[in-house]
Amino acid sequence: MTDHKLIDIPENVSGSILVIDGDFLAFKVSSVLETRCVKVFDKDEELYTFKNKTAFKKSDQYNPEFIVKDSQVLKSNYKISMTYITKSIVNNLLKSSNTTTPLIVLGGETNFRDRLSLPVTYKGNRIDKIRPLALKETKNNFSKLYATIYAEDEEADDLISKFQYKSYIEKNKDIIVCTPDKDAKGTPGNLFHPEDKYLTSIEGLGFVSIKQTSKIKLIGEGRKFFYSQLLTGDPVDNYFPCDIYKQKNNVSKKSAILSDFKVFNLLKDLNTDKECLKVIKDVYYNWYKDVSFWTDYNGNKVEGDWLDILQMYCDTVHMRRWDNDRIDIKKVLSDMGIT
């Protein structure tokens with residue numbers, strides 16, 4: 001059991017509960033409420049419309065001098081479709097997960113990770129990405145249909161993690177969380193994968209493995225997966241623990257220095273948290289033993305050593321299990337006798 005107060009279930013929610021990642025759901029719903037295409041211009045004159053940039057490049061009209069602009073148009077019946085599609089997806093998720101009651105969780109206006117002294121803007125790679133036109137409207141519509149709660153100075157992923165951990169500690173509550181986000185694989189509890197439609201009960205040290213697709217990808221569950229993220233980072237969220245090393249050594253490589261395959265080999269045969277944390281400590285110390293400061297994404301000088309950098313990335317990776325949950329990595333290493 002834990003001495004920390006776990007997240008409360010809203011009073012109007014009962015039965016077997018499916019806690020749904022509302023950011024994922026909103027994107028899934030709103031993306032089908034619009035028509036997308038690209039428009040081709042010669043200076044200010046519109047010439048053609050194509051399904052996408054690839055179709056234009058393959059056409060006889062292709063000219064590298066032309067200007068290509070993305071275009072989005074909401075479908076005429078999008079408001080009616082929004083509710084219908086939302087209910088259809090949610091009902092399907094309830095049926096597939098064998099639950100009765102949805103609870104939607106959404107990200108808040110602020111996120112403490114945005115205030116961390118990272119050398120690169122957290123999720124900064126998403127700033128210029130095209131978002132569905134009705135994304136915000138879709139999120140607002142959730143509260144009219146279902147019980148909905150909003151994160152406060154954290155992400156929807158943190159709320160997901162809190163309910164996931166509650167499902168692990170209070171097994172009688174009948175809670176399952178539903179998200180495709182891989183961060184959830186590091187928190188103990190009941191996780192339903194909405195795309196592959198299967199349930200995982202995560203606990204303990206867990207494992208890491210390799211999935212071979214077009215490239216080698218590290219997968220896993222449990223604390224080992226959390227440890228792997230402290231080494232690889234997350235390109236989706238725009239951070240790599242080696243970013244300060246690259247900054248200090250003028251390394252232009254955009255991806256992680258440690259590949260998924262290298263991290264897999266570092267962790268795969270380890271059987272204890274102490275062994276995993278010793279590897280992590282050694283990697284950070286090797287990168288940052290001579291570092292006394294770095295420059296954050298705002299151009300500010302930040303004073304700190306290798307342990308401060310490790311703490312910062314623990315804060316970035318760790319999904320909260322209760323309010324203000326934080327891993328004090330200095331204490332953890334000291335308690336385990338890792339020097």
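About 40 Å³ of space lies in the largest cavity of this structure, and please keep in mind, everyone, that we are looking at a predicted model. How many cavities of 30 Å³ or more does a search of the whole structure find? The search turns up one.

So which residues line the largest cavity? Along the chain, the lining takes in Asp 157, Ile 160, Ser 161 and Gln 164, then Thr 179, Asp 181, Asp 183 and Ala 184, and finally Met 319. If you sort that lining by class, you get three nonpolar, three polar and three charged residues. The charged ones include Asp 157, Asp 181 and Asp 183, while Ile 160, Ala 184 and Met 319 are on the nonpolar side.

Let's move on to salt bridges. The whole structure has 23 of them, and I'd like to walk you through a few.

Take Arg 115 and Asp 153 to begin with. Their side chains meet in a salt bridge, with 2.6 Å from N to O. Where do the two partners sit? Arg 115 is in the loop between strand 5 (101–106) and helix 4 (135–145), and Asp 153 is in the loop between strand 6 (147–150) and helix 5 (156–169), so this pair ties together parts that are 38 residues apart in sequence. As for solvent, Arg 115 counts as exposed because its relative accessibility is 55%, over the 50% cut-off. Asp 153, at 25%, counts as partly exposed.

Now for a pair within one helix. Asp 282 and Lys 278 form a salt bridge, and their closest N and O atoms are 2.8 Å apart. Both residues belong to helix 9 (residues 273–288), where they are four residues apart, about one turn of the helix. Are these two buried or exposed? Partly exposed, in fact: Asp 282 has a relative accessibility of 31%, and Lys 278 has a relative accessible area of 37%.

There is also a network to look at on your screens. Arg 113, Lys 123, Glu 155 and Asp 158 are joined into one network by salt bridges that share partners.

One last pair before we talk: Glu 46 and Lys 39. Here the salt bridge has its closest N and O atoms 3.4 Å apart. Glu 46 is partly exposed at 41% relative accessibility, and Lys 39 is partly exposed too, with a relative accessible area of 24%.

That's my tour, friends; thanks for listening, and I'm happy to go back to any of these spots.

Notes. Residues are numbered from 1 along each chain as its sequence is written. This is a predicted model: local features need pLDDT of at least 70, side-chain atom pairs count only at pLDDT 80 or more; totals for chains, interfaces and linings use all residues. Side-chain values use heavy atoms; hydrogens and water are left out. On a 1 Å grid over the protein atoms alone, a cavity is a set of points where a 1.4 Å probe fits but cannot get out, and a pocket is an open set with protein on both sides within 12 Å along at least five of seven lines; lining residues have an atom within 4 Å of a point. Grid points are joined across faces, edges and corners, and a volume is the space filled by probe spheres set on the points. A salt bridge is a side-chain nitrogen of Lys or Arg within 4 Å of a carboxyl oxygen of Asp or Glu. Buried means under 20% relative accessible area, exposed over 50%, partly exposed in between (1.4 Å probe, protein chains only). Helices (H or I, at least four residues) and strands (E, at least two) are DSSP runs, numbered from the N terminus.
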